[in-house]
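Let's walk through a few spots in this model together, one question at a time. Have a look at it first, and then we'll dig in.

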Amino acid sequence: MYMEQNEQTVFSDTHVPRAYFKLAVPLVCSMVVTLIYNLADTYFVAQTGDTNIVAGVSLGMPVFTLLMALGNVFGQGGSSLISRLLGQQDTQGVRRVSSFCFYGILLSGVLIAAVMLAARTPLVWLLGASDETFAHASDYYFWLAAGAPVIMLSFIHSNLLRAEGMSRESMAGTILGAVVNIVLDPIFISTLGMGAAGAAIATVIGYFCADLFYGAAVVRKSRVLSLDIRLMAIPARHLGQIMGIGIPAAVVNVMQSAAAVLMNQFLLPYGNDKIAAMGIVLKVSMIALLLLTGFAFGGQPLFGYYYGAGDKKRFAALLRFCLGFISAAALALTAGICLAAPALMRLFMDNDSIVRDGVVMLRWQVVTMVFVGVVLLLSILFQSTGKAAASFVLSVSRQGVVFALALVAARALAGYTGILAAQAIADALTALLAAGLFYTQLYRELK
């Protein structure tokens, strides 16, 4: 029977909030480091003073989001299943699932890199490049696509280690990769004059260092995860559960990429300055989004373990605590970012036009973060409990179907202002949808 030290001190802790914070705090710290990296990356690119480079990198960011999404098919799908298997004391199943996820993502990364490199030129135009930004966007795209296996692999063990309760090791790998990235950014972007290409190369090297760290952590510290290729065969039911949860989780990231591309296309008639401003805004708004994601994902191993073990009492207690805590955190983040919006924009680019546009954009992006927090929490709940259908519906909503409909309708009604307000409208509508899905999919079961 599996009952290792991590499980005894975290999964079996009868004080639910304390158990939650043991897992959530390291993850939130990882998110803060990721946030610092993203802001630093934008800062160093913006210091070139060339809005075309800033716009080019902004146009290429959906590529990174897409790679993260593909990595999360196996990362989040695998971690959700592993949490439930741990609750069921199935150690051998955990070893097989972890091995399958590791080698599955390596093969997928190689295939994805080949396809993206072959279709480089048409995809860069599709991202919204203009004649002035094409070269910068293309350089950024090329290096991210070439490094696809490295980037995608990092999302496997950052998730699987947390599923075992090793949040500190997951955090350490994220910190290592981000620090390497931040150190290399100014060297490649400015000192070596590589511009957008330098930013992408630094990103790939940072993720490669994280991959090495995670591999060492699995070999030396993990009691149940495996890199043994002989164990990668898994039952069809496990594959179905990984894909059933992982694909909706990945679709969330794909929808983020699609939403960014769609937003850029709608802003293109208003000029490259608007696209550059939105690129900075989306990075700054990640202050709220990443922190809320960290707090929501922090409970995933516990939700999965409690559900797998049939412990409805602690499952319900964790849900009530997370709902109140995440909602309060979202309101505080919204207030802080709205007040600091001018300073945050000027920190990255001291251009009056971009700051003026960016302040309005940023406030629209964060005004409904409390709804985003609810959607994130309920999405994690559905993933943790294997509710694939509900997870999929939410994954294609907030920045997918609901956002697209809101964007078209809001522009028709209010023009440019409607474009900026579309995400806030989509957030509110998706929160209502999430509440309805929770009532129909889980509420009666918990009762």
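Q: This is a predicted model, so let's start with one residue: is Leu290 buried or exposed?
A: Leu290 has a relative accessible area of 13%. The cut-off for buried is under 20%. Since 13% falls under that, Leu290 is buried.

Q: Which helix holds Leu290, and how far apart in space are Leu290 and Ser30, C-alpha to C-alpha?
A: Leu290 belongs to helix α11, which covers residues 272-298. Along the sequence, Leu290 and Ser30 are 260 residues apart. In space, though, their C-alpha atoms are separated by 9.4 Å.

Q: What separates the C-alpha atoms of Val115 and Gly418 in space?
A: Val115 is placed in helix α4, and at 57% relative accessibility it counts as exposed. Gly418 is 303 residues away from Val115 along the chain. Between their C-alpha atoms there are 36 Å.

Q: Is Ala163 buried or exposed?
A: You'll find Ala163 in helix α7. Its C-alpha is 24 Å from that of Tyr37, with the two positions 126 residues apart in sequence. The relative accessible area of Ala163 is 1%, so Ala163 is buried.

Q: Which residues does Ile182 touch, not counting residues up to four places away in sequence?
A: Ile182 sits in helix α8, residues 167-191, and at 23% relative accessibility it counts as partly exposed. Phe44 is 138 residues away from Ile182 in sequence, yet their C-alpha atoms are 9.2 Å apart. Leaving out residues up to four places away, Ile182 touches Ile36, Tyr37, Ala40 and Phe44.

Q: How do α6 and α7 cross: is α6 oblique or parallel to α7?
A: Two packed helices are described by the angle between their axes and the distance between the axes. Here the axes of α6 (residues 134-146) and α7 (residues 148-163) come within 4 Å and cross at roughly 60°. That angle makes α6, relative to α7, oblique.

Q: Which residues make that contact between α6 and α7, and how many are nonpolar?
A: From α6 come Leu144, Ala145 and Ala146, while α7 brings Ala148, Pro149 and Ile151. Sorted by class, the contact has no polar and no charged residues. The nonpolar count is six.

Q: Which backbone nitrogen does the side chain of Ser226 reach?
A: Ser226 lies in the loop between α9 (195-220) and α10 (236-267), and it counts as buried because its relative accessibility is 9%. Not counting residues up to four places away in sequence, it touches Arg95, Ser98, Ser99, Val218 and Leu231. At 3.0 Å, the side chain of Ser226 also reaches the backbone nitrogen of Asp228.

Q: What is the phi of Gln89, roughly?
A: Gln89 lies in the loop between α3 (51-87) and α4 (91-118). With a relative accessible area of 24%, it is partly exposed. Gln89 is not a glycine, but its phi is positive, at about 65°.

Q: How many residues of α15 are buried?
A: Helix α15 runs over residues 369-384 and reaches 22 Å from its first C-alpha to its last, close to the 22 Å expected at 1.5 Å a residue. Just after α15, Gly386 takes a positive phi of about 75°. The helix itself is mostly covered, and of its 16 residues the buried ones number 14.

Methods
Residues numbered from 1 in each chain as written. Predicted model: local features only at pLDDT ≥ 70, side-chain atom pairs only at ≥ 80, totals over all residues. Heavy atoms only, no water. Helix = DSSP H or I, 4+ residues; strand = E, 2+ residues; numbered from the N terminus. Expected span 1.5 Å × (residues − 1). Buried < 20%, exposed > 50% of the residue type's maximum accessible area, 1.4 Å probe, protein only. Polar contact = N/O pair within 3.5 Å; in protein donor to acceptor, adjacent residues only side chain to side chain. Contact = heavy atoms within 4.5 Å. Axes fitted to C-alpha atoms, helices over the stretch in contact; angles between N-to-C directions. Parallel < 35°, antiparallel > 145°, perpendicular 65-115°, else oblique. Nonpolar A, V, L, I, M, F, W, Y, C, P; charged D, E, K, R; others polar.
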